[in-house]
Amino acid sequence: MDLLPLFHNLRGRRCVVVGGGDVALRKLRQLIDAGAAILVIAPEINAAIRKLAQKHTLSIRLTPFSDTDLDGAVLVIAATNDQAVNRHISELAQGRNVPVNVVDSPELCTVVFPSIVDRSPVQIAISSSGKAPVLARMLRTRLEGLIPAGYGKLAALAGKHRNHVKERIGNPLDRKAFWEEVFEGDIAELVYSEKLDEAEKRLEQKLAGNQPQQVGEVYLVGGGPGDPDLLTFRALRLMQKADIVLYDRLVSKEVMALVRRDAELIYVGKTAGDHPVTQENINEKLAEFALQGKRVLRLKGGDPFIFGRGGEEIAHLAERGVPFQVVPGITAASGCASYAGIPLTHRDYAQSVRFITGHLKDHSLDLNWQDLVAPNQTLVFYMGLSGLESICKALIARGKAATTPAALVEKGTTARQRVFIGDLTTLPDIVRKAEAKAPTLIIVGDVVKLHDTLSWFKG
Ligand code: SAH
């Protein structure tokens, strides 16, 4: 081991920062967070540090460094752009046994700053011993994604009850099991959903041994339009936690591959006009599994609250008293528009955007066409492939210019994405000839013109 990681209590202790630029600023922010008594020494300081000094107590001395500045310091940071000064400070500090950090000069340091994943009071410090800071930072980014933002609150809750639990559960192995259940189970989930009072109540009940009958939970999660990189951290966490998964046809196989390996998978997909599992049936299944104590993942394409019947499903759960949480996903409109280089709004072309169902009922579309032909808006039709021609004709019939640009995005955000561009007259033919297959999304409006210059993703 090159360096021993230690967590340093700097609260109220004197830390000296020599330097007044951006490098010093970064260290100052960390020292402020740690509650240090900070002295900044530099002939000049930049505007950002001046601003910081208005909000926090910093002693600032606008002079060059002098040797007596180290008196009483428990840590010194040299962040000047003069390497000779930095070296002098390092030697002086080492001579006095004061820990010293010289930014970007590992050979002059006796302590280095790690990359930090901060879920205070939980902290993860990562160091490459000054050898590959970029690698340490990359690792940090990966961990940030893995650790829920609510971890700190969970740790604080545990800290509050630690002694009490120790008194109640004498056997260390039982105590360990108790905490594992708290950190993995529904109490942690309550904390992440900001239901702190309820989490605390549940913890107390658990400790008193009178747990209410174990009820599971339903996670209604948006799986996004296809590219698994577009999942949210929360979605991924719950996907890894679920015991049982009810999923739709629209959830891509790349996204499905991220679900917990030993979870039971149940396909409840619908193909238009053909409903192998009825909506009532799905609603009922979700409630039943959760009431059996299972963690149920209801995984949907895109966002569950946009043409996803998510509302109906959780209404049923609410009625049955089943706990649930809803995780938004990237809806097809956002995903397809981004990956096709078609901004949905644009100051020059569209001040609003509408998400519309293009699903034909009894072979016709019952929409408020008058509203839809108004200028300066973008229209996005979901489920519109078979109705494409009717949609285009209806818009023209109500007064929309036949030359209005229109796009159809097939399997947006995936490696198989195709984008077809035309206008209200030409698009149906283009799409027919290319034999586009669902899922597809239709975008109508002047913003479609931007595709030529802004397209970046090659499916
Ligand atoms: N809840 C979903 C929409 C469900 S309705 C969401 O928020 O995206 C199903 C329709 O979504 C499809 O008919 C299609 O119009 C659209 N869609 C979903 N994924 C898509 C994709 N990857 N590419 C194009 N359209 C998509």
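A strand here is a DSSP run of E with at least two residues, numbered from the N terminus. The model in these exercises is predicted.

**Exercise 1. Place Thr 378 in the fold, decide whether Thr 378 is buried or exposed, and find what its side chain reaches.**

Step 1. Strand β14, residues 377-382, holds Thr 378.

Step 2. The cut-off for buried is under 20% relative accessible area. Thr 378 has 0% relative accessibility and therefore counts as buried.

Step 3. Leaving out residues up to four places away in sequence, Thr 378 touches Leu 344, Ala 350, Ser 352, Val 353, Arg 354, Ile 443, Val 444 and Val 447.

Step 4. The Thr 378 side chain comes to 2.6 Å from the backbone oxygen of Leu 344. Leu 344 is also among the residues that Thr 378 touches.

**Exercise 2. Do the same for Ser 115: state its element, its burial and its contacts.**

Step 1. Ser 115 belongs to strand β6, which covers residues 115-119.

Step 2. The relative accessible area of Ser 115 is 12%, so Ser 115 is buried.

Step 3. With neighbours within four places in sequence set aside, Ser 115 is in contact with Ile 124, Ala 125, Ile 126, Ala 136, Arg 137 and Arg 140.

**Exercise 3. Describe the surroundings of the ligand, from its shell to its polar contacts.**

Step 1. The ligand is surrounded by 18 residues, and the closest are Asp 303, Ile 306, Thr 331, Met 383 and Thr 440.

Step 2. By class, the shell holds eleven nonpolar, five polar and two charged residues.

Step 3. Domain 3 (217-327) and domain 4 (333-454) each supply at least three residues of the shell.

Step 4. A polar side-chain atom of Thr 331 is 2.6 Å from a ligand oxygen atom. A polar backbone atom of Ala 332 lies 2.8 Å from an oxygen atom of the ligand. On the nitrogen side, a polar backbone atom of Gly 301 is 3.1 Å from a ligand nitrogen atom.

Step 5. The ligand taken alone exposes 540 Å², of which the protein buries 92%. Two or more shell residues come from each of the elements α13 (332-340) and β17 (440-444).

**Exercise 4. List the buried residues of helix α9 and the elements that cover them.**

Step 1. Helix α9 spans residues 233-241, and Ala 235, Arg 237, Leu 238, Met 239 and Lys 241 are buried in it.

Step 2. The cover over these buried residues includes the helices α6 (172-184), α7 (186-192) and α10 (253-256). It also includes the strands β8 (217-222), β11 (295-300) and β12 (324-327).

How values were computed: Residues numbered from 1 in each chain as written. Predicted model: local features only at pLDDT ≥ 70, side-chain atom pairs only at ≥ 80, totals over all residues. Heavy atoms only, no water. Near = heavy atom within 4 Å. Polar contact = N/O pair within 3.5 Å; in protein donor to acceptor, adjacent residues only side chain to side chain. Areas by Shrake-Rupley, 256 points an atom, 1.4 Å probe, with all protein chains shown as cover. Helix = DSSP H or I, 4+ residues; strand = E, 2+ residues; numbered from the N terminus. Nonpolar A, V, L, I, M, F, W, Y, C, P; charged D, E, K, R; others polar. Domains from an automatic or database assignment. Buried < 20%, exposed > 50% of the residue type's maximum accessible area, 1.4 Å probe, protein only. Contact = heavy atoms within 4.5 Å.
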